[in-house]
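Let's work through some exercises on reading a protein model together. Keep the sequence and the 3D view open, and try each task before you look at its solution.

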Amino acid sequence: MMDTTKLSVPMVFAFEQFKKTLLLYTKDKEGGWDTTVSGLALCRYTSMTEPEGWVYEPSLAIAAQGAKQITIGLETNCYRPMNMLLTSSEIPTFAKVCEASKETPFLAILLKLDLALLPELLAENKFELLQENNKIRAQQIVQATEPILQAVTRLIKLIDTPEDAPFIAPLIQKEILYYLLRSNDGARQQLLASQHPQCRQISHALDWIKQHYRKTIRIEALTTLVGMSTSSFHFHFKNRTGMTPLQYQKWLRLNEARRIMLIEMSDVSEAAFIVGYESPSQFSREYQRLFGLSPLKDIQRLKASGSERISLDY
């Protein structure tokens, strides 16, 4: 149970209103789904889930109940009520609901952030860019704030008035970015860090790898494309994603192959070929290292556990 003894009365009230609203709009549903409000998704799980590969876009996730575990590289974190999971660039992760039951399901929202609005907000409010901080990752857990909870609650309620959502939702989303920049914790530092040239260059590299993940990656060509030295590129890429470029490509390939075998019913050799592997045996070895089981046994397990609904976003 969440300890509210150290929270202000307005903060507790804002959280309870957020939770009450989310309970209402997720009643009797299961899983995660997009809403009629652009960029806003809701989720409700009544049981723990298996780890799923997921590429988080710039976004804000807030839990109202239960907990979710996020793994980036070798680093694992868990966000719970009163936490916000802030992502400032595309990050490959493994995510699983780690606290949920029928009595107290995991409840959360995921809101995509339009970071293209940051330069305007920075200029209008005279926020100064920070010196580059190599310790700031592209995803971290920060504390929720009263203004953000209030704004998110209003955003959820726009589901009832879809005719108003296209006009009001962008204003609320900009408001949420403003409050993130006004916060006193890591949220502000992370968003400001995302505007540094090195972060933009790495984002460009991530976009290129996602579009060409089936092809052989040549680091020299990639560093030339984004305009970085090889050493600087490797350092900043690993710092932002927790992976090397080749590990990131492998992550994309194997997760896409998993989706193809599970959803499109392809066999192991066919899935390996589709995602760019020339050797099915090499594919099977790398698949087992990542997921802990051979491709065939993993897919059988997922189907037996009812995970056919798995939906991976690449």
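Below you will find five exercises, each with a worked solution.

**Before you start**

This is a predicted model, in which local features need pLDDT of at least 70, side-chain atom pairs count only at pLDDT 80 or more, and totals for chains, interfaces and linings use all residues. Residues are numbered from 1 along each chain as its sequence is written, and side-chain values use heavy atoms, with hydrogens and water left out.

**Exercise 1. Find which parts of the chain are tied together by the salt bridge of Glu120 and Lys174.**

*Step 1: the rule.* A salt bridge is a side-chain nitrogen of Lys or Arg within 4 Å of a carboxyl oxygen of Asp or Glu. Side chains of opposite charge can pair when their charged atoms come close.

*Step 2: the distance.* Between Glu120 and Lys174, the N to O distance is 2.9 Å, and their side chains form a salt bridge.

*Step 3: the location.* Glu120 sits in helix H2 (residues 118-125) and Lys174 in helix H4 (residues 165-182), so the pair ties together parts 54 residues apart in sequence. Helices (H or I, at least four residues) and strands (E, at least two) are DSSP runs, numbered from the N terminus.

*Step 4: the exposure.* Buried means under 20% relative accessible area, exposed over 50%, and partly exposed in between (1.4 Å probe, protein chains only). Glu120 is partly exposed at 36%, and Lys174 is also partly exposed, at 23%.

**Exercise 2. Describe the salt bridges of Lys250 and Arg258.**

*Step 1: Lys250.* Its partner is Glu286, with the closest N and O atoms 3.7 Å apart. This pair links distant parts of the chain, 36 residues apart: Lys250 is in helix H9 (residues 245-263) and Glu286 in helix H11 (residues 280-291).

*Step 2: buried or exposed?* Lys250 has 32% relative accessibility and counts as partly exposed, whereas Glu286, at 9%, counts as buried. Contact means heavy atoms within 4.5 Å. Not counting residues up to four places away in sequence, Glu286 touches Lys250, Leu254 and Tyr277.

*Step 3: Arg258.* Its partner is Asp298, and here the closest N and O atoms are 2.9 Å apart. Arg258 is in H9 and Asp298 in helix H12 (residues 295-304), 40 residues apart. Both residues are buried.

*Step 4: the network.* Glu50, Arg258, Asp298 and Arg301 are joined into one network by salt bridges that share partners. By the salt-bridge rule, the count comes to eleven.

**Exercise 3. Explore the nonpolar cores.**

*Step 1: the rule.* A nonpolar core is a set of buried Ala, Val, Leu, Ile, Met, Phe, Trp, Tyr and Cys residues joined through side-chain atoms within 4.5 Å. In soluble globular proteins, nonpolar side chains tend to be buried together.

*Step 2: the largest core.* It has 43 residues, and Phe18, Ile109 and Leu180 touch the most other members. H4 supplies the largest share of this core, seven residues.

*Step 3: one member up close.* Beyond residues up to four places away in sequence, Ile109 touches a list of residues including Phe18, Leu22, Leu60, Val152 and Ile156.

*Step 4: another core.* A second, separate core of 32 residues includes Ile202, Met261, Leu262 and Ala271.

**Exercise 4. Look at helix H3 (residues 146-157) and say what covers its buried residues.**

*Step 1: the length.* H3 has twelve residues and reaches 17 Å from its first C-alpha to its last, close to the 16 Å expected. The expected span is 1.5 Å times one less than the number of residues.

*Step 2: the buried side.* Among the buried residues of H3 are Ile148, Leu149, Val152 and Ile156.

*Step 3: the cover.* It includes helix H1 (9-25), strand E2 (40-45), strand E9 (106-112) and H4.

**Exercise 5. Compare the settings of Met82 and Met265.**

*Step 1: the backbone.* Phi is near 80° in Met82, a positive value in a residue other than glycine. In Met265, phi is near 60°, again a positive value in a residue other than glycine.

*Step 2: the loops.* Met82 is in the loop between strand E6 (75-79) and E7. Met265 is in the loop between H9 and helix H10 (268-274).

*Step 3: the exposure.* Met82 counts as buried, at 7% relative accessibility, whereas Met265 counts as exposed, at 56%.
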